[in-house]
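Open the model in your viewer and keep the sequence panel beside it. We will go from stop to stop, with something to select at each one.

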Amino acid sequence: MAQQAGTTPRQTQGAPAARLARWALCAVITVTALVALAACSNSSDPVGNVGSGPATGNATKIEAVDGNRFTPATLELPAAGEKVTIEITNTDDRAHDFAIEAADLNTGTIQAGAVATATFTVPEGTTAFKCTFHRGMTGTMEGI
Ligand SMILES: [Cu+2]
């Protein structure tokens, strides 16, 4: 038997209240699952002169590694005032990012196995960098 457009077969299982209760339960389970997923999947958006993929020219190299660490954790850069590119390779199996708050810069999420670059002018003195996903995943850089 053909159905009219815009109509659905009438459900006959259960009273309306029971169907509503099942629907509400499904909605609660779905929302809970989405919230749990969001809580364990880190992400950040790119800010500043950053890019994905390897550097095209000279770059200071750093890796994000297993154990929520950067290596090396101390970077020696050209003299303050010079432009530098840092190439960040994520060799870990979880996502990280690379941010320099003093330079208002963030690569955005670097997925496992991915490479990103950050280009900026070397600040005076010692400058901190970090992964915004993992507390304590930090390092410092200094112009030499
Ligand atoms: Cu991290």
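Which residues of the largest nonpolar core touch the most other members? Select I88, F98, I110, A116 and A118: of the 19 residues in that core, these five touch the most other members. Keep in mind as you look that this is a predicted model.

**The core and its strands**

Now colour the elements that give two or more residues to this core: β2 (60-65), β5 (83-90), β6 (99-100) and β8 (115-121). The top contributor is β8, which gives three residues.

Stay with A116 for a moment and show its surroundings. Leaving out residues up to four places away in sequence, A116 touches V50, G51, S52, I88, F98, T107 and I110. Three of those names, I88, F98 and I110, are also on the list of core residues that touch the most other members.

**How the strands pair**

Next, select β5 together with β8. These two strands run antiparallel and are joined by seven bridges. For one of the bridges, pick I88, whose partner in β8 is A116.

Then swap β8 for β2. The pairing of β2 with β5 is parallel, over five bridges. Here, click on A64 and look across to β5, where N90 is its bridge partner.

**Zoom out**

Show the whole chain as a cartoon. One helix and 10 strands are present, and the order along the sequence is α-β-β-β-β-β-β-β-β-β-β, with the helix at the start. Of the 144 residues, 21% are buried. Considering contacts between residues at least 6 apart in sequence, 67% join residues at least 24 apart.

**A stop in β7**

Select N106, which sits in strand β7. Is N106 buried or exposed? N106 counts as buried because it has 23 C-beta neighbours inside 10 Å, and 20 or more are needed for that label. Setting aside neighbours within four places in sequence, its contacts are S44, P46, V47, G48, D97, A99 and T132. Try the distance tool between the C-alpha atoms of N106 and K130: they are 9.3 Å apart in space, with their positions 24 residues apart in sequence.

**Backbone oddities**

Most residues other than glycine have a negative phi, and most peptide bonds are trans. The next three selections depart from that pattern.

- Select T71 and P72. The peptide bond joining them is cis, with omega about -5°. P72 is in the loop between β3 (69-71) and β4 (74-77).
- Move to N68, in the loop between β2 and β3. N68 is not a glycine, yet its phi is positive, near 55°. It counts as partly exposed because it has 16 C-beta neighbours inside 10 Å.
- Finish at D104, in the loop between β6 and β7 (105-106). Its phi is also positive, about 50°, although D104 is not a glycine. How many other C-beta atoms lie within 10 Å of D104? There are 10, so D104 is exposed; the cut-off for that label is 12 or fewer.

For a last view, show D104 and N106 together: D104 is exposed, whereas N106 is buried.

Note on methods:
Residues are numbered from 1 along each chain as its sequence is written. This is a predicted model: local features need pLDDT of at least 70, side-chain atom pairs count only at pLDDT 80 or more; totals for chains, interfaces and linings use all residues. A nonpolar core is a set of buried Ala, Val, Leu, Ile, Met, Phe, Trp, Tyr and Cys residues joined through C-beta atoms within 7 Å. Helices (H or I, at least four residues) and strands (E, at least two) are DSSP runs, numbered from the N terminus. Two residues are in contact if their C-beta atoms, placed from the backbone, lie within 7 Å. Two strands pair if DSSP finds at least two bridges between them.
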